[in-house]
Amino acid sequence: MKIIKRVAAVVMALGVCSTGLSCFSFRSVEAADVVSISPFDTYEINNGVFEGWGTSLCWWANRVGYSDVLAEKTGEAFFGDTGLRMNIARFNIGGGDDPTHDHITRTDSNMPGYSRLENGRVVYDWNADYNQRNVLFKALKASGNNLIVEMFSNSPPYYMTESGCSSGNRDAGKNNLKNEWYGGFADYMAEVCAHYQNEWGVDVQSVEPFNEPYTNFWGAYSAKQEGCHFDIGASESNMIMEMQRAMKAKNMSDVIIAGTDETSIDTQIDAFNALSSNAKNAVGRIDTHTYGGSKRTQLKDLAKANGKNLWMSEVDGAGVSGVNAGEMGPALWLANRINADCNGLNSSAWIIWQAIDKHISKDGYNGKKDSGMPDITKGFWGLAVADHDNQSIILTKKYYVFGQFSRYIRPGYTMLKSSGSTMAAYDKTGNRLVIVATNDGDAKKVDFDLSEFTELGNSVQVIRTSGNMQNGENWKELNDISTNGTGFSAELAARSVTTYIIDDVKAQAEIKGEKINITPDRVTGSNPWNNTENDCKKAFDGNTSSFFDGVGDGWVQADLGDVYDITAIGYAPRSGYEYRCKDAYFTGSADGVNWERIYTISSKPASGMRYATKLTDNKGIRYIRYQVPSGAPADSSVNKDSVYCCNIAEIEVYGTAPEKPEGDVNGDGSVTSVDLADLVKYLLGMDISISAENSDIDKNGRVDVIDFILLKSILA
């Protein structure tokens, strides 16, 4: 990047864009984005360990499961080794509507329930829901029985509701579960979970009695689906505690209770905060949808602060990305959504709503008409389409782009924070690094900086999806490219998603050295913007939610209290302003006067703490400073501010205290005549600070004239 900047400066100086000369895009000729990936910058949820990819079986399994042919094909396409290799299935325990109702018009969403009320007694029908169960069993088989199964509910059975309808209350903004049926609904959920596990051998990992509960979506006699409103606070807390009780009664206390699957990230934060303390303790994992809201970092921090795992448990949409992207438009939208959700939430799983949302059938189903084939050049829901007339599954570019992630970033890998439109994961056991890069624009170059890893294999495997279904690339294996010792360079094709796989990758097990405790009284810096409370001390307060709001030519400096060899620097950019860190740098000094650069942030970092261990001039440091360059940002494609601004949320410094030589009286790391003079002053009783350990040269437990004689001998 330094070379590029010099060339750019020469170009400007020569006036290439003056009269009679054509201007050109420097990016298209030379410039490359830089993406830095470090083994130390792991996701903060679940210790960075990824649990997998999945889909809800509701409602598509209810539609295709009548056919063993379609069930087998979907099992392999979504869960099999030749397909997407999904390993999570969210199974919908249907409530079941009043059998006299006929208001749901979709062919797939009229979910059967397992129970009915006869003469005041709950009776179960285990023949119900054959279709979804058939698909579940095919998914289990295709996945090699390595399937994580979560049971969830859209609505209680109709007879437990206020409206007598499983699609919601007559007032969609009010609770629909009758107060006297909270325990009964929990018992119903637990009974179904226990039956699947004990009778049919399905290992139930988690259970959730909610689906987007705090909304006004769910109204009686809906044409769409089952649904049930629960108020946040007491209502949701009561349901969670009853769920815990019912699962314990069925000897299933080890099943995770998840909650609360709100439709919006921001609502999920409010809902969890409103739970009672007991309900919070009962929730083993936060599940959230991401249809709305923007506070991904805040939800991640909330989950982390409460010691909870976090799943992105449902989203999809009819969005598109990329100009003139055609069939890749919906696929690029999906890739960008996966990047935003996973990198923002640090979630340990990502689950699409319905793998199949559209169905083709001339006859329809149960007297209802199917939706038919969508225009796959425009936004559409789902990854594939079920053709019931031909008993086949029609795949799309969304399907293949999903596979660019799910086939190669596998459960058990450690997720790494990655900047730009990229995701990264490291298999510590297999020494494999996987990077998925999304490009929804024109072709561009990217330099992947992997210098924080200790070893890299020589080659990079490349798999790409682009173009259209007829003659484009679908998981196409391209020629390997070479690494360069500290990473590799690649050209991202226009409107493509590319997976890079590097084997024989090794990393230092942990950051060396101790984290140096830096107290507020040892932190100084420039003034914050508008002289607010967001001053330089916020950069060392241990909280990545606070930040130093420095402006142009800003800086923050810390006295480490002693001399160290610096082994690592941790830094967290201000959330939402990560771009302001690019080109900022750390310098170190032994005396607070003479400074040497230790590390430069060469690219826009991801949010959260990042760690740098490949440092220069990092020996004998007492003072450390973070600052930004002067003037306008060099790369306006990343930082469009008029000047560099010194925004930083948190700084950590790691180091080891170097062994100080005998006779180093003043502790500056060297033995000189100054040490002899200081020792004389000390022996004469003058008020001077010395290092007793280094001054006691004869190691007799005291500093005396013998040490003075020995120090003279050392200097001689």
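This passage describes selected strands, buried residues, salt bridges and a surface patch in a predicted model.

Strand pairing was examined at two places. An open sheet of three strands follows the order S1-S18-S21 and shows mixed pairing. Its edge strands are S1 (33-36) and S21 (487-492), each of which pairs on one side only. From one strand to the next, the twist averages 25°. Strands S1 and S18 (residues 444-449) run parallel and are joined by four bridges. Within this pairing, Ser-36 has Asp-449 of S18 as its bridge partner.

Strand S32 (residues 650-656) is largely enclosed by the rest of the structure, because six of its seven residues are buried. Two pairings involve this strand. With strand S23 (residues 514-515), S32 pairs in the antiparallel sense over two bridges, and Glu-514 stands opposite Gly-655 of S32. With strand S26 (residues 555-572), S32 is again antiparallel, here over seven bridges. In that pairing, Gly-570 lies opposite Glu-652 of S32.

Two buried residues illustrate the packing of the interior. Phe-402 belongs to helix H12 (residues 397-406). Its relative accessible area is 0%, so Phe-402 is classed as buried, the limit being under 20%. Setting aside residues up to four places away in sequence, Phe-402 touches Trp-53, Gly-54, Leu-84, Met-86, Leu-334, Ile-338, Trp-350, Ile-352 and Leu-383. The C-alpha atoms of Phe-402 and Trp-595 are 48 Å apart in space, with 193 residues separating the two in sequence.

Val-149 is placed in strand S6 (residues 148-152). Val-149 counts as buried because its relative accessibility is 0%. With residues up to four places away in sequence again left out, its contacts are Ala-89, Phe-91, Leu-136, Val-202, Asp-203, Val-204, Gln-205 and Ser-206. Between Val-149 and Pro-374, the C-alpha to C-alpha distance is 30 Å and the sequence separation is 225 residues.

Charged side chains were considered next. A search of the whole structure yields 39 salt bridges. One of them pairs Lys-138 with Asp-68, whose closest N and O atoms are 3.7 Å apart. This pair links distant parts of the chain, since Lys-138 lies in helix H5 (residues 130-142) and Asp-68 in helix H4 (residues 68-79), 70 residues apart. The partners fall into separate accessibility classes: Lys-138 counts as buried at 16% relative accessibility, whereas Asp-68 counts as partly exposed at 42%.

A salt bridge also joins the side chains of Arg-116 and Glu-118, with an N to O distance of 2.5 Å. Here Arg-116 is partly exposed at 36% relative accessibility, and Glu-118 is likewise partly exposed, with a relative accessible area of 32%. In the salt bridge between Arg-464 and Glu-473, the closest N and O atoms are 2.7 Å apart, and both residues are buried. In addition, a network of salt bridges links Arg-90, Glu-150, Glu-208, Asp-261, Arg-285 and Asp-287.

On the surface, Val-705, Ile-706, Ile-709 and Leu-710 make a nonpolar patch of about 330 Å². Of these residues, Ile-706 is found in helix H15 (residues 705-715). Ile-706 counts as partly exposed because its relative accessibility is 41%.

Note on methods:
Residues numbered from 1 in each chain as written. Predicted model: local features only at pLDDT ≥ 70, side-chain atom pairs only at ≥ 80, totals over all residues. Heavy atoms only, no water. Buried < 20%, exposed > 50% of the residue type's maximum accessible area, 1.4 Å probe, protein only. Contact = heavy atoms within 4.5 Å. Pairing = 2+ DSSP bridges. Axes fitted to C-alpha atoms, helices over the stretch in contact; angles between N-to-C directions. Patch = residues over 30% accessible without salt bridge, like charges linked within 9 Å, V, L, I, M, F, W, Y side chains within 5 Å. Areas by Shrake-Rupley, 256 points an atom, 1.4 Å probe, with all protein chains shown as cover. Salt bridge = Lys/Arg side-chain N within 4 Å of Asp/Glu carboxyl O.
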